[in-house]
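Please open the model in your viewer and keep the selection tool at hand. The tour below goes from pockets to a helix and then to two loop positions.

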Amino acid sequence: MQLKTNAIVLKIQKIKDNASLIHLYTQETGRATYLLYGAQSKRKGNALSFLHPLSIVSIDINLRNSRELNIINEIKQEEATMELLFNPIKSSLAFFIAEILLQVLRTNEEDDTLFEFLCQSILKLDRETKNLGNFHIAFLLRLSGFLGFQPSIDTPYTNVYFDLKQMEFTSQKPEHQYFLRSYETEKMKLLLRMNYRNFHLYHFTKSERSEVIDRILQYYKIHTQSFGEIKSLYVLKEIFE
C-alpha cells in the first residue's frame, strides 16, 4: 500500500553513512518510524538540509507488512521552519518539545485535531518575535488537553489544593503526596489561563520558572506511562535564566 501523508519530525538517528531512522508523527497513521536512505542525494532533495526536530514534511512510502521497517521513497519540506534550525533559543525549544512528543505520542492512530495543533504550535514558535521564555509552558499546558488530562479552569475559590493524580482542584488535602499546596495551586489557576497570545506577559524568576516546569513534568509523568527523563530540560533552564 502506498502512503502519502504530512508528518512532523521528532528525531533523526543516523545508523549508517547513507541511512537514517526518522521518527515521525504523521497525519494519517500517528507515530511511525521509517528508514531514509541517501538523505544527502540530489534525488532526495538533500533532505538533511531541512530535516531537524519539528520539521513539517510530506512523505511517500510503500508500506509492506513483510518489512520490519518501511523505507521512505520521497520526503519534502512542507513548511519552511529555518528559525528552528538557526536560532539557538528556538532550536533548544524545538528539541525540548520534540523530546516531550516522543514520550507522549505512542499510538499509531490518526488524530487530525492534534496534528493541526502541533503544526500551528510549530509555526507559531518559528515565527514568534516576542520573548520566548514561557512558550514551552504554554505548549505543555495546551498539549495536556489533547492528551486527556488538562485541569479545568473553572474551580471554586475554596478549593485550595490541586490533586495531581485525580486532575482536580479540591478543598480537602489529598492523602497521597502528589498534590499542589495552596500557594502552588493559586499559581496553577493563573497558569491555566496562559495561551499563545499572552504567554509573554507572565513573569517568572529563574527559580520560579524552573519550579513550574518541574511540576508540569511531574504531572505529565503521573499521567503518561513510562514517561522518562527529558534530557534537553537542563539546556532550557540554562537559557532562560
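Select strand S1 (2–16) and helix H2 (88–104), each of which supplies at least two residues of the lining of the largest pocket; helices here are DSSP runs of H or I with at least four residues, strands are runs of E with at least two, and both are numbered from the N terminus. A pocket is an open set of points on a 1 Å grid over the protein atoms alone, where a 1.4 Å probe fits, with protein on both sides within 12 Å along at least five of seven lines, and its lining residues have an atom within 4 Å of a point. This is a predicted model, in which local features need pLDDT of at least 70 and side-chain atom pairs count only at pLDDT 80 or more, while totals for chains, interfaces and linings use all residues. Residues are numbered from 1 along each chain as its sequence is written, and side-chain values use heavy atoms, with hydrogens and water left out.

Now show the whole lining of the largest pocket, which is made up of Leu10, Lys11, Ile12, Pro53, Phe95, Ala98, Glu99, Leu102, Gln103, Glu229, Lys231 and Ser232. H2 gives the largest share of this lining, 5 residues. The volume of the largest pocket is about 330 Å³, taken as the space filled by probe spheres set on grid points that are joined across faces, edges and corners.

Move next to the second largest pocket, with about 260 Å³ of space. It is lined by 16 residues, of which Val104, Leu105, Arg106, Thr107 and Leu147 are the closest to its centre. Two or more lining residues come from each of H2 and helix H4 (135–147).

Then select helix H6 (residues 206–223) and colour its buried residues (under 20% relative accessible area, 1.4 Å probe, protein chains only), namely Arg209, Val212, Ile213, Ile216, Leu217, Tyr219 and Tyr220. Looking down the axis of H6, you will find that these residues line one face, because they fall within an arc of 150 degrees, judged by the directions from the helix axis to the C-beta atoms. On the other side of H6, Ser207 and Lys221 are exposed, that is, over 50%.

Finally, visit two loop residues. Leucine 54, in the loop between strand S3 (30–37) and strand S4 (56–62), has a positive phi of about 80 degrees although it is not a glycine, and is buried at 1% relative accessible area. Methionine 167, in the loop between strand S6 (161–163) and strand S7 (168–170), also has a positive phi, of about 60 degrees, but is partly exposed at 32%.

Methods
Contact = heavy atoms within 4.5 Å.
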